[in-house]
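Let's take a walk through this one together, from the outside in. Have a look at the sequence and the model first.

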Amino acid sequence: AEYMGGNEMKPESPPFPMSQNPTVRSFYRRKLPNPPCVPFSSTEGKKLFAESLASGGLECYWHLAEQFHTQDEPAFCGLSTLVMVLNALSVDPRRRWKGPWRWFTEEMLDCCVDIERVKRSGITIPQFVALSHCHGVQVTATLAQDSTVEAFRSLVSDNASGKTNGFIVVSYDRRVVSQSGSGHFSPIAGYHKDQDMVLVMDVARFKYPPHWLPLPL
């Protein structure tokens with residue numbers, strides 16, 4: 001970074017090649033499609049956050065924000081989301097992470113799945129549920145075809161306002177919201193009732209930042 005005076009800094013060109021192998025294609029993030037997505041740090045995103053905070057729609061945000069985690073592997077969205085939730089729920093893994101400390105990381109979620117296989121293909125919803133149960137967390141899994149938008153809205157609203165405990169995790173197809181990729185896991189951290197939008201804490205922060213999405217999508 002280049003010092004510009006005061007606390008203002010701006011990036012400069014890196015003094016190293018972007019790839020050691022020029023034949024390997026690489027990416028630095030993706031542009032968040034807006035609409036339908038509203039970036040968390042944008043002017044509109046900040047307005048949605050402030051209004052949701054004022055209306056009590058961010059009660060589930062704080063514990064998740066304390067544990068916001070970027071997935072360690074491109075296919076670790078399910079494991080990383082579960083790591084966020086377990087740490088936000090203050091679940092003791094009862095095994096050491098590093099030194100004397102007990103703390104959840106993706107590599108520790110190996111009781112029901114093979115980590116090397118997850119690196120290649122990720123996990124399914126049943127595997128997410130099984131891993132949660134392995135660590136003492138009660139999960140209610142509901143498929144979209146077995147519910148309605150109205151029921152989901154009620155669930156999100158109650159959770160975001162603190163009427164229910166725990167957290168909501170969504171597994172969705174990125175293509176439906178005009179994003180690149182396919183199946184993806186992330187937690188929901190807030191709800192804006194008037195705009196009917198949810199705050200998605202996208203664990204693939206190397207790709208997309210946290211953002212607001214219309215709930216009906």
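Is Trp103 buried, partly exposed or exposed? Bear in mind that what you're looking at is a predicted model. Trp103 turns out to be partly exposed, because its relative accessible area is 37%, while buried would mean under 20% and exposed over 50%. You'll find Trp103 in the loop that runs between helix H3 (77-88) and helix H4 (115-121). Trp103 has company, too: together with Trp97 and Trp101 it makes a nonpolar surface patch of about 390 Å².

That's a handful of nonpolar side chains out on the surface, so it's worth recalling the usual trend: in soluble globular proteins, nonpolar side chains tend to be buried together. So let's head inside.

The largest nonpolar core here has 31 residues, and the ones with the most contacts inside it are Leu79, Leu109, Ile123, Leu199 and Trp212. Quite a list of elements chips in: helices H1 (43-54), H2 (61-66), H3, H4 and H5 (125-134), plus strands S5 (183-192) and S6 (197-200), each supply at least two residues of this core. The top contributor is H3, which gives 7 residues. There's also a second core, separate from that one, with 16 residues, among them Ile168, Val170, Ile188 and Leu213.

While we're at H3, stop at Thr81, which sits in that helix. Is Thr81 buried or exposed? Thr81 counts as buried because its relative accessible area is 0%, and the cut-off is under 20%. What does its side chain find in there? A polar atom of the Thr81 side chain lies 2.8 Å from the backbone oxygen of Cys77.

Now for the strands. S5 is a good place to start, since it is mostly covered, with 9 of its 10 residues buried. Strand S5 has two partners to look at. With strand S4 (residues 168-173), S5 pairs in the antiparallel sense over 6 bridges; in that pairing you can pick out Asp173, which stands opposite Gly183 of S5. With S6, S5 again runs antiparallel, this time joined by 4 bridges, and here Tyr191 has Val198 in S6 as its bridge partner.

And what links S5 to S6? The two form a hairpin with 4 residues between the strands, where Asp196 takes a positive phi near 55 degrees. As you trace these strands on screen, keep a general rule in mind: in a regular strand the side chains alternate between the two faces of the sheet.

Terms used. Residues numbered from 1 in each chain as written. Predicted model: local features only at pLDDT ≥ 70, side-chain atom pairs only at ≥ 80, totals over all residues. Heavy atoms only, no water. Patch = residues over 30% accessible without salt bridge, like charges linked within 9 Å, V, L, I, M, F, W, Y side chains within 5 Å. Areas by Shrake-Rupley, 256 points an atom, 1.4 Å probe, with all protein chains shown as cover. Salt bridge = Lys/Arg side-chain N within 4 Å of Asp/Glu carboxyl O. Buried < 20%, exposed > 50% of the residue type's maximum accessible area, 1.4 Å probe, protein only. Core = buried A, V, L, I, M, F, W, Y, C linked by side-chain atoms within 4.5 Å. Pairing = 2+ DSSP bridges. Polar contact = N/O pair within 3.5 Å; in protein donor to acceptor, adjacent residues only side chain to side chain.
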